[in-house]
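Trainee: I should like to learn how to read surface and core features in a model. May we work through a case together?

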Amino acid sequence: MITLSKTQNVIILSAILLLLTIGVFLGALYYLNEVSTTVAALESEVSSEKNTAEVARALERSLSENAGNITHIDSFFIAPNEEADFIRQIEKIATDSKTDFEISTFGREPIEGNDKFEYALMQATARGTLPNIYQLLTVLETFPKALRLSRVDLEYIPGDPKKPREWRLAFVIRALKIK
């Protein structure tokens, strides 16, 4: 057997302890690196969640602050299942304008690529004096819904020269309607 001197034993023991210390140190560095990576990922996730929560709160606050404006804007469109009210409003305008009013067709037309809105289409005619027809058009122009008149045709109807001249107005109303 080999006998080592006391100095050699101390050097070997010191070398083993040094290697163990270096191993423990490297293990601790590796562990700290893993923990640091995990902490960074968690910080990023928390920051993202915090930003998402802040955006959601800001959106909620904006919606509540603008609820009146949203309601006002929605009032420009025909609400779902309120076509009858829309028709009654148009008929009332025609009656108030002292015209004979008749709706020949009423229907819906989809808007391509839009799943929230569609068009409500109304084809109608009105008969009356020219000032009454003009009044009808003027009031329709200021109607508080998003609508457009198209295919407007104004025609004079010959009749008794002793009576006021009568005119016939044919037109199509296209109004935006919420589905």
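Mentor: We shall take a surface patch, then a core, then a single lysine; please keep in mind that this is a predicted model.

Trainee: Which residues make the nonpolar surface patch?

Mentor: Leu18, Ile22, Phe25, Leu26, Leu29, Tyr31, Leu32, Val35 and Val39 make a nonpolar patch of about 870 Å² on the surface. Of these, Val39 is found in helix H1, which covers residues 6-65.

Trainee: Why is Val39 classed as partly exposed?

Mentor: Partly exposed lies between the limits of 20% and 50% relative accessible area. Val39 has a value of 39%, and is therefore partly exposed.

Trainee: How many residues does the largest nonpolar core have, and which have the most contacts inside it?

Mentor: The largest nonpolar core has 19 residues, and Phe86, Ile90, Met122, Leu136, Leu140, Phe171 and Ile173 have the most contacts inside it. At least two residues of this core come from each of helix H3 (83-96), strand S2 (117-128), helix H4 (130-141) and strand S4 (166-178). Beyond its neighbours within four places in sequence, Met122 touches residues including Phe86, Ile90, Phe101, Phe171 and Ile173.

Trainee: Is Lys177 buried or exposed?

Mentor: Buried means under 20% relative accessible area. Lys177, in strand S4, is buried because its relative accessible area is 3%.

Trainee: What is in contact with Lys177, leaving aside neighbours within four places in sequence?

Mentor: Its contacts include Ile78, Pro80, Glu83, Arg108, Lys116 and Glu118. Lys177 and Glu83 lie 94 residues apart in sequence, with 8.6 Å between their C-alpha atoms.

Definitions and conventions: Residues numbered from 1 in each chain as written. Predicted model: local features only at pLDDT ≥ 70, side-chain atom pairs only at ≥ 80, totals over all residues. Heavy atoms only, no water. Patch = residues over 30% accessible without salt bridge, like charges linked within 9 Å, V, L, I, M, F, W, Y side chains within 5 Å. Areas by Shrake-Rupley, 256 points an atom, 1.4 Å probe, with all protein chains shown as cover. Salt bridge = Lys/Arg side-chain N within 4 Å of Asp/Glu carboxyl O. Helix = DSSP H or I, 4+ residues; strand = E, 2+ residues; numbered from the N terminus. Buried < 20%, exposed > 50% of the residue type's maximum accessible area, 1.4 Å probe, protein only. Core = buried A, V, L, I, M, F, W, Y, C linked by side-chain atoms within 4.5 Å. Contact = heavy atoms within 4.5 Å.
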